[in-house]
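I opened my notebook to look up the empty spaces, the surface and the charged pairs of this protein. Here is what I wrote down along the way.

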Amino acid sequence: MGWDFLRKAEWLGAERARGYLLLLALVNVTTLAFMLLTATNGIDRNGFLIGTDFISFWSAGGMLVAGANVYDTLAHVAAQREFHTVPGEYTAFFYPPSFLPMVWPLGLLPYFPALAAWLALTGAAWLAAMRAWFAALGLKGPALVLILAFPPVIVTLTHGQTSFLVAALLGGGLLLVRDRPWLAGVLIGLATIKPQFGLLVPVALVASGQWRTIAGAGAAAVGLAALAALAFGPQVWADWLAITQTAGGATDSGTIGFAKMVSLFAGLRLVGVPSGPAMAVQAAVTLALVAAVAAASWRRPFSPGLAALVLAGAPLATPFVLDYDMVLTAFPLAYLFAKGREQGFADWERITIAAVFAAVAFARPLAINAGVPIMPLLLIALF
């Protein structure tokens, strides 16, 4: 049998896969239910606020409503601690001003209604993008068990993060390039709220000559930036630029925690590689991804396969990516599955799909407890 057990993975048929999905879904739902049922006044058993990272966005929204500067770190710390504090813990706000019009409404609501509304709206957007991909690929669904079994979904829900929104904008935008280029551009332009995931997008668009989408993306990005300047003052851009060095330092020093991050840079730092060489390897891989995407896109029609390639490379191309951001991989995973079902699975495809799908359930625990970063290698395999 040897390597064929993994290379062919013929044992991973429909019935076995369905069983694994049910098991993962059960674990995820039980975990979420346990966290909520054992919480007291919105505080979990470990003393953390339900939604953890969301307090950063909600506090920023409240500051914007009050006319305060969200990029004043001390003021942002104070705003968070006014509602809840864990000694030594602070959730920073490094998002560009383009994100501010989206968080401002959060400040009009109490914390928990705002969290529920945020997750419901952004989750619905991601699910709509997933349904569009499934329809374009000739797949039914996605079934509820598939969504509940996908570990990045539970991680995004428990963190109250932006991952659903960014994945919906990029996934939906890239899928629409061929048929609705202007709308695709608008969605891609709005995704600049988290710009590190768009590094490969202009490469693919330029190489394939998608000028209407490029124009739409540019207009949407500039319009969103102008809206932020108009609503909150042009100084907000200078304030953001002033703290970007702090954001870079947090990535480089591991303030966020290399075990929580899933980038190649973080994986190398976790196993002891110094910052300089780790960033050099990250830069080399990013350049290789750019070259690969450019070659795959050159003078070719934009297709779901090309969109999947760009989305598979997105988390590999940046040094700053966390496990909840892996909801973005749902689109290339769906593409690989649809292609395999129609044309037959190539060597290593079955096991790669299964491993990347489930990996977030194990990536952070393995990195924290054993110092083993599995996610970068699996992302390379996916690409």
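My entries below go from cavities to a pocket, then to the surface and the salt bridges.

**Entry 1: starting point.** I am working with a predicted model.

**Entry 2: the largest cavity.** I searched for enclosed space and found 2 cavities of 30 Å³ or more. The largest has a volume of about 70 Å³. I counted 15 lining residues, and the closest to the centre are Ala 259, Met 261, Val 262, Ala 363 and Ala 367. Next I asked which elements give two or more residues to this lining. They are helix 14 (264–270), helix 19 (360–370) and helix 20 (375–382). By class, I noted 12 nonpolar, 1 polar and 2 charged residues around the largest cavity.

**Entry 3: the second largest cavity.** I get about 50 Å³ of space here. Ser 163, Val 166, Ala 167, Lys 194, Phe 197, Asp 325, Val 327 and Leu 328 form the lining. That splits into 5 nonpolar, 1 polar and 2 charged residues. I marked Lys 194 and Asp 325 in this lining for a second look, since they form a salt bridge with each other.

**Entry 4: following that pair.** How far apart are the closest N and O atoms of Asp 325 and Lys 194? I read 3.0 Å. The two residues come from distant parts of the chain, 131 residues apart: Asp 325 is in the loop between helix 16 (304–313) and helix 17, and Lys 194 is in the loop between helix 10 (181–190) and helix 11 (201–207). I then asked whether they are buried or exposed. Both Asp 325 and Lys 194 are buried.

**Entry 5: another buried pair.** Arg 364 forms a salt bridge with Asp 323, with closest N and O atoms 2.8 Å apart. Here too the pair links distant parts of the chain, with Arg 364 in helix 19 and Asp 323 in the loop between helix 16 and helix 17, 41 residues apart. I noted Arg 364 and Asp 323 as buried.

**Entry 6: a pair within one helix.** Overall I have 7 salt bridges. One of them joins Glu 15 and Arg 18, with the closest N and O atoms at 2.6 Å. Why are these two about one helical turn apart? Because they sit 3 residues apart in helix 2. Glu 15 is exposed, as its relative accessible area is 61%, while Arg 18 is partly exposed at 42%. I also wrote down a network in which salt bridges with shared partners join Arg 7, Lys 8 and Asp 347.

**Entry 7: the second largest pocket.** I moved on to open space and found about 1100 Å³ in this pocket. Of its 36 lining residues, Ala 17, Leu 21, Leu 146, Phe 337 and Ile 353 are the closest to the centre. The elements that give two or more residues to the lining are helix 2 (14–37), helix 6 (111–136), helix 7 (144–149), helix 17 (330–343) and helix 18 (349–358). My class count reads 30 nonpolar, 2 polar and 4 charged.

**Entry 8: nonpolar residues outside.** Trp 3, Phe 5, Leu 6 and Trp 348 form a nonpolar surface patch, with about 430 Å² of accessible area together. Leu 6 lies in helix 1 (residues 4–7). At 31% relative accessibility, Leu 6 counts as partly exposed. I also checked Leu 121 in helix 6, and that residue is exposed because its relative accessible area is 63%, against a cut-off of over 50%.

Terms used: Residues are numbered from 1 along each chain as its sequence is written. This is a predicted model: local features need pLDDT of at least 70, side-chain atom pairs count only at pLDDT 80 or more; totals for chains, interfaces and linings use all residues. Side-chain values use heavy atoms; hydrogens and water are left out. On a 1 Å grid over the protein atoms alone, a cavity is a set of points where a 1.4 Å probe fits but cannot get out, and a pocket is an open set with protein on both sides within 12 Å along at least five of seven lines; lining residues have an atom within 4 Å of a point. Grid points are joined across faces, edges and corners, and a volume is the space filled by probe spheres set on the points. Helices (H or I, at least four residues) and strands (E, at least two) are DSSP runs, numbered from the N terminus. Ala, Val, Leu, Ile, Met, Phe, Trp, Tyr, Cys and Pro count as nonpolar, Asp, Glu, Lys and Arg as charged, and the others, Gly among them, as polar. Patches are made of residues with over 30% relative accessible area and no salt bridge: like charges are joined within 9 Å, nonpolar side chains (Val, Leu, Ile, Met, Phe, Trp, Tyr) within 5 Å. Accessible areas come from the Shrake-Rupley method with a 1.4 Å probe; for residues, only the protein chains shown count as cover. A salt bridge is a side-chain nitrogen of Lys or Arg within 4 Å of a carboxyl oxygen of Asp or Glu. Buried means under 20% relative accessible area, exposed over 50%, partly exposed in between (1.4 Å probe, protein chains only).
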